[in-house]
Amino acid sequence: MNRIFSGIQPTGNLHLGNYLGAIRNWVAMQRDYDCIFCIVDLHALTQPQVPAELLASTREVTAAYIAAGIDPERCIIFNQSAVPGHAELSWILGCHAPLGWLNRMTQFKEKAGKQRDNAVLGLFAYPVLMAADILLYKATHVPVGEDQKQHLELARDIAGAFNRHYGHDYFPLPEPQILGVAARVMSLRDGTRKMSKSDPSEQSRINLTDDADAIATKIRRAKTDPHPLPDTPEGLAGRPEAENLIGIYAALAGMNEADACRRFQGALFSDFKGALVDLAVAVLGPIGAEMRRLTSELGYIDAILRRGAERAGAIAGVHLDEVRGIVGLLRP
Ligand code: TYM
């Protein structure tokens, strides 16, 4: 059976981009794939974290997975650091990843900014750890938002380099699954920037834990343009805010952009936003409520993570042992 691996960093609030670009697609795929969903806490350490907040966020992301509909019996849910093999494979793969490949990673350039010499090694090596996450389970498909595409191409390149070096077709080349009309959800304040946890403006994103009032306020304040909505997606060209809001509506309603345009052709933003608020509250409200309920049941969350780590660890252990054998590490 094909295997899916994907993950989210436990760094602050999960937002609509994480839901539409990733989690919601995972929910739909869990029936057809053998699924492993990770909370990538080692990746979170590449940026400064407050330890207590990192712990809380790890549990909150777990709660979000379950609240959104991921079945912890069917799928493996665990936190990355609980399976030490991620770090070990990351080292081995790092020895097959030329600096030139890593130097091309745009996310590192954005995050490191002008202070490149002050950026930490972990931030630079981050995509190698991501490749290890996927390859440790020999995952075949990786459902992510559009912003992870370059990292996945690198993971494929590293897998290929390893296979070629050892003359052994060991790792499958993982296929990115960048799905749906909302693979790149943009900021509500600026339709040219990605919706992101690190945006200083709370108004730029809808968090999965926002209540109905917060969702309504953020959508009503979302930036727009002065024109009515067009009748086809072509009419959204050069109108990034309109395109983003129509894309969000379409994704939440499970329709395509053309259908959403047809429904709102000629409408003013004030009317369209009212419909978007109702839809967003109807879809996200129950998820937020279930997340709040689950995060108050720490015993339940921790038991899921513990069981998930055992199941993930069993698969990882077998593969890591094979990799050690392939590269010539002595297993006494
Ligand atoms: P992270 O934690 O930044 O984001 C988690 C997932 O949410 C998607 N996403 C978005 N999708 C659409 N629109 C947006 N505005 C938006 N913002 C975020 C991301 O594409 C991602 O799918 N490096 C990864 C985590 C990771 C991983 C992995 C993923 C580590 N190891 C192995 C897949 C496989 C990251 O930082 O995602």
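Start by selecting the ligand together with Asp133, where an N or O atom in the side chain of Asp133 stands 2.6 Å from a nitrogen atom of the ligand, a polar contact in the sense of a pair of N or O atoms within 3.5 Å. What you are viewing is a predicted model, in which local features need pLDDT of at least 70 and side-chain atom pairs count only at pLDDT 80 or more, while totals for chains, interfaces and linings use all residues. Residues are numbered from 1 along each chain as its sequence is written, and side-chain values use heavy atoms, with hydrogens and water left out.

**Around the ligand**

Keep the ligand in view and add Tyr126, which has a polar side-chain atom 2.5 Å from an oxygen atom of the ligand. Then add Met195, where the partner is a backbone N or O atom, 2.9 Å from a nitrogen atom of the ligand. The protein covers 96% of the 710 Å² of accessible area that the ligand has on its own, with areas taken from the Shrake-Rupley method and a 1.4 Å probe.

Widen the selection to the residues near the ligand, meaning those with a heavy atom within 4 Å of it: there are 28 of them, and the closest are Tyr126, Asp133, Gly145, Asp147 and Val185. Colour strand S1 (3-8), helix H1 (16-29) and helix H7 (121-135), the elements that give two or more residues to this shell; helices here are DSSP runs of H or I with at least four residues, and strands are runs of E with at least two, numbered from the N terminus.

**Out of H7 into the next loop**

Follow the chain to Leu136, placed in the loop between H7 and strand S4 (141-143). Is Leu136 buried or exposed? Its relative accessibility is 1%, so Leu136 counts as buried, where buried means under 20% relative accessible area, exposed over 50% and partly exposed in between, with a 1.4 Å probe and protein chains only. Draw a distance from Leu136 to Gly313: the two are 177 residues apart in sequence, and their C-alpha atoms lie 9.8 Å apart in space.

In the loop between H7 and S4, select Lys138 as well. Its phi is near 50 degrees, a positive value in a residue other than glycine, and with a relative accessible area of 25% Lys138 is partly exposed.

**Helix H3 and its two ends**

Move to Thr46, in the loop between helix H2 (41-44) and H3, which counts as buried because its relative accessibility is 10%. From there select helix H3 (residues 51-68), whose 18 residues reach 26 Å from the first C-alpha to the last, close to the 26 Å expected at 1.5 Å a residue; the expected span is 1.5 Å times one less than the number of residues. The buried residues of H3 include Leu54, Ser57, Thr58, Val61, Thr62 and Tyr65. An α-helix has 3.6 residues a turn, so residues three or four places apart point the same way. Just after H3, stop at Gly69, which takes a positive phi of about 120 degrees.

**Two further loops**

Select Lys114 in the loop between helix H6 (106-112) and H7; Lys114 is exposed, with a relative accessible area of 85%. Its C-alpha lies 26 Å from that of Asn13, and the two residues are 101 apart in sequence.

End at Tyr170, in the loop between helix H8 (149-166) and strand S5 (175-177), which counts as buried at 6% relative accessibility. A line from the C-alpha of Tyr170 to that of Ile219, 49 residues apart along the chain, spans 48 Å.

Terms used: A polar contact is a pair of N or O atoms within 3.5 Å; within protein, one must be able to donate a hydrogen and the other to accept it, and residues adjacent in sequence count only if both atoms are side-chain atoms.
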